[in-house]
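Q: I have a protein model open and I would like to learn how to read it. Could you take me through it step by step?
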Amino acid sequence: MSDLPPDRRLVIGDVARARVALSEQPGWFRTSMARTLTDVDRGQDPATAPWTAVDPVKTAAEIEALAGLRRINLHRKDSHV
């Protein structure tokens, strides 16, 4: 997780702190979020990847990572876009 840019670490450490704490597997949740954020930084879109219910912690982490990115980027968007 330490190799993520500061704003990505913010998503995991601050924005999603409560959700991570509620997880049955917080370590796996954080790892899954970090992987999702890395994929986004590499241009991949996890929202279009095939979905499976095999790992609900990973699925929740992916959703939280995308939601966290959206929350921290809301103030950066042009107000008339």
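Q: Let's begin with one residue. Where does Ser 23 lie?

A: A good habit is to place a residue among the helices before anything else. This is a predicted model, and in it Ser 23 sits in the loop that joins helix H2 (17–22) to H3.

Q: Is Ser 23 buried or exposed?

A: Here we look at the relative accessible area, and under 20% means buried. Ser 23 has a value of 11%, so it is buried.

Q: Which backbone atom does the side chain of Ser 23 reach?

A: For a polar side chain, look for N or O partners. The side chain of Ser 23 reaches the backbone nitrogen of Gln 25, at 3.1 Å.

Q: And which residues does Ser 23 touch, once those up to four places away in sequence are not counted?

A: Setting sequence neighbours aside lets us see what the fold brings together. For Ser 23, the residues touched are Phe 29 and Val 57.

Q: Now the overall picture. How many helices and strands does the secondary structure come to?

A: There are four helices and zero strands. Reading along the sequence, you get the pattern α-α-α-α. The protein has 81 residues, and 28% of them count as buried.

Q: What share of contacts joins residues at least 24 apart?

A: Start from contacts between residues at least 6 apart in sequence: 65% of these join residues at least 24 apart.

Q: Could you show me a case inside a helix? Is Ser 32 buried or exposed?

A: Ser 32 belongs to helix H3. Its relative accessible area is 3%, so Ser 32 is buried. Leaving aside neighbours within four places in sequence, Ser 32 is in contact with Lys 58 and Ala 61.

Q: Let me follow that to Ala 61. Which helix is Ala 61 in, and what is Ala 61 in contact with?

A: Ala 61 has its place in helix H4. Because its relative accessibility is 0%, Ala 61 counts as buried. Beyond neighbours within four places in sequence, the contacts of Ala 61 are Phe 29, Ser 32 and Met 33. You can also compare sequence with space: Ala 61 and Met 33 are 28 residues apart in sequence, while their C-alpha atoms are 5.1 Å apart.

Q: What about Thr 31: how far apart are the C-alpha atoms of Thr 31 and Lys 58?

A: Thr 31 is another residue to find in helix H3. With 31% relative accessibility, it counts as partly exposed. The C-alpha atoms of Thr 31 and Lys 58 are separated by 8.7 Å, and the two residues are 27 apart along the chain.

Q: And why does Val 40 count as partly exposed?

A: Partly exposed covers the values between buried, under 20%, and exposed, over 50%. Val 40, in helix H3, has 25% relative accessibility and therefore counts as partly exposed. Leaving aside neighbours within four places in sequence, Val 40 is in contact with Arg 8, Pro 46, Leu 66 and Leu 69.

Q: How many residues does the largest nonpolar core have?

A: To read a core, ask which residues it holds and which helices supply them. The largest nonpolar core has 14 residues, and those with the most contacts inside it include Val 11, Phe 29, Met 33 and Leu 69. Helix H1 (6–15), H3 and H4 each give two or more residues to this core. The largest share, six residues, comes from H4.

Q: Last topic: how do we find empty space, and what is the volume of the largest pocket?

A: Rolling a probe the size of a water molecule over the atoms shows where empty space is left. In this model the largest pocket has a volume of about 320 Å³. Its lining has 16 residues, and Pro 46, Pro 50, Trp 51, Lys 58 and Glu 62 lie nearest the centre.

Q: Which helix gives the most to that lining, and which classes of residue does the lining have?

A: Helix H3 (26–41) and helix H4 (56–73) each supply at least two lining residues. H4 gives the most, with five residues. Sorted by class, the lining of the largest pocket has seven nonpolar, four polar and five charged residues.

Note on methods
Residues numbered from 1 in each chain as written. Predicted model: local features only at pLDDT ≥ 70, side-chain atom pairs only at ≥ 80, totals over all residues. Heavy atoms only, no water. 1 Å grid on protein atoms, 1.4 Å probe; cavity = no way out; pocket = protein on both sides within 12 Å on 5 of 7 lines; lining within 4 Å. Points joined across faces, edges and corners; volume = space filled by probe spheres on them. Nonpolar A, V, L, I, M, F, W, Y, C, P; charged D, E, K, R; others polar. Core = buried A, V, L, I, M, F, W, Y, C linked by side-chain atoms within 4.5 Å. Buried < 20%, exposed > 50% of the residue type's maximum accessible area, 1.4 Å probe, protein only. Polar contact = N/O pair within 3.5 Å; in protein donor to acceptor, adjacent residues only side chain to side chain. Contact = heavy atoms within 4.5 Å.
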